[in-house]
Amino acid sequence: MNTLISTRVLGACALAAALLTAPLAIAAGSHDGGHSQGATGDHEASASIGRAGTNPTRTINITMGDNYYEPEALSIAHGETVRFVITNAGDFLHEFNINTAASHADHAPMMQMMVDMGMLEADKVNRAAMAASKGSGHDMSHDEPNSVLIEPGQTAEVVWTFDTKAELEFACNIPGHYASGMVGEFAIAH
């Protein structure tokens, strides 16, 4: 078995273990602050990571496996609008989220709360549980323009304009996924 495959197999095992042993918690707070907003949760900071785009200049296809993205790094021109077509080829639910490393770290506890509340299952989004969160004062709709949850075998799109100087990455913030290797880098040429 080559090193890449064995690393991916070990990462998938770590991911499965993380999902199966995720601690139960009493839900509190909201899902706000983890996607299009900056690390502080402030809507003004959203411009620091770019913005939802229209009229993309190119399309980039991304495949997600159970602990990796292919490709793992992308070169983007400053001001470029890109249409990402993301396919989940793995066995687990995954996220494609464009943000800073600090915002991904800030967002992780919110994603854990979504798992704890039954909204995110190992291989699917529980839409009924997600919809019920709105009535409880917790809007966990996960419908920000820089992020998408994708079930196994499904494809989704994100169109994003990179008019920022921030160091951005694309990542999966489902508990255990980022740590197992589901993070990629953007090189933004200014």
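Here are a few exercises with worked solutions on the predicted model shown above.

Two notes before starting. Residues are numbered from 1 along each chain as its sequence is written, and side-chain values use heavy atoms, with hydrogens and water left out. Since the model is predicted, local features need pLDDT of at least 70 and side-chain atom pairs count only at pLDDT 80 or more, while totals for chains, interfaces and linings use all residues.

**Exercise 1. Get your bearings**

Work out how many helices and strands the chain has, and in what order they come.

Step 1: Go through the DSSP runs, numbered from the N terminus (helices are H or I with at least four residues, strands are E with at least two). You end up with 3 helices and 10 strands.

Step 2: Read them off from the N terminus: α-β-β-β-β-β-β-α-α-β-β-β-β.

Step 3: Check how much is tucked away. Buried means under 20% relative accessible area, exposed means over 50%, and partly exposed is in between (1.4 Å probe, protein chains only). Of the 190 residues in the chain, 45% are buried.

**Exercise 2. Lay out the sheets**

Find the strand order in each open sheet of 5 strands, and name the edge strands.

Step 1: Two strands pair if DSSP finds at least two bridges between them. One open sheet then reads E4-E10-E9-E6-E7, with mixed pairing. Its edges are strand E4 (73-77) and strand E7 (147-150), each pairing on one side only. On average, neighbouring strands here are turned by 20 degrees against each other, direction ignored.

Step 2: Zoom in on one edge of that sheet. E4 pairs with strand E10 (residues 183-189) in the parallel sense, over 5 bridges. Ala77 has Ala189 of E10 as its bridge partner.

Step 3: Now the other open sheet, also with mixed pairing: E1-E8-E5-E2-E3. Strand E1 (51-52) and strand E3 (69-70) are the edges. Inside it, E2 and E5 run parallel over 7 bridges, and Arg58 has Val82 of E5 as its bridge partner.

Step 4: Add a helix. Helix H2 (residues 101-116) lies across strand E6 (94-99), E7 and E9, and runs at about 140 degrees to E6. For such angles, axes are lines fitted to C-alpha atoms (for helices over the stretch in contact), and the angles run from 0 to 180 degrees between N-to-C directions.

**Exercise 3. Look into the core**

Find which residues have the most contacts inside the largest nonpolar core.

Step 1: Know the rule: a nonpolar core is a set of buried Ala, Val, Leu, Ile, Met, Phe, Trp, Tyr and Cys residues joined through side-chain atoms within 4.5 Å. The largest one has 35 residues, and those with the most contacts inside it are Phe84, Ile86, Phe96, Ile98, Leu120, Phe162 and Phe186.

Step 2: Take Ile86 as a sample, where contact means heavy atoms within 4.5 Å. Leaving aside neighbours within four places in sequence, its contacts include Ile62, Met64, Phe96, Val148 and Ile150.

Step 3: Look for aromatic pairs. Rings of Phe, Tyr and Trp (its six-membered ring) pair if their centres lie within 6.5 Å; planes under 30 degrees apart are stacked, over 60 edge-to-face, and the rest tilted. That gives 8 aromatic pairs. Phe84 and Phe162 have ring centres 6.1 Å apart and planes at 75 degrees, so this pair is edge-to-face. Phe84 is in strand E5 (residues 81-88), while Phe162 is in the loop between strand E8 (155-161) and strand E9 (169-171), 78 residues apart.

Step 4: Phe84 is buried at a relative accessible area of 0%, and Phe162 is buried at 0% too. Both belong to one aromatic cluster with Tyr69, Phe96, Phe170 and Phe186.

**Exercise 4. Track the charges**

Find how many salt bridges there are, and which parts the Glu80 one ties together.

Step 1: Look for a side-chain nitrogen of Lys or Arg within 4 Å of a carboxyl oxygen of Asp or Glu. The whole structure holds 4 salt bridges.

Step 2: Glu80 forms one with Arg58, their closest N and O atoms being 2.6 Å apart. Glu80 sits in the loop between E4 and E5 and Arg58 in strand E2 (residues 58-64), so the pair ties together parts 22 residues apart in sequence.

Step 3: Compare accessibility: Glu80 counts as buried at 13%, whereas Arg58 is partly exposed at 32%.
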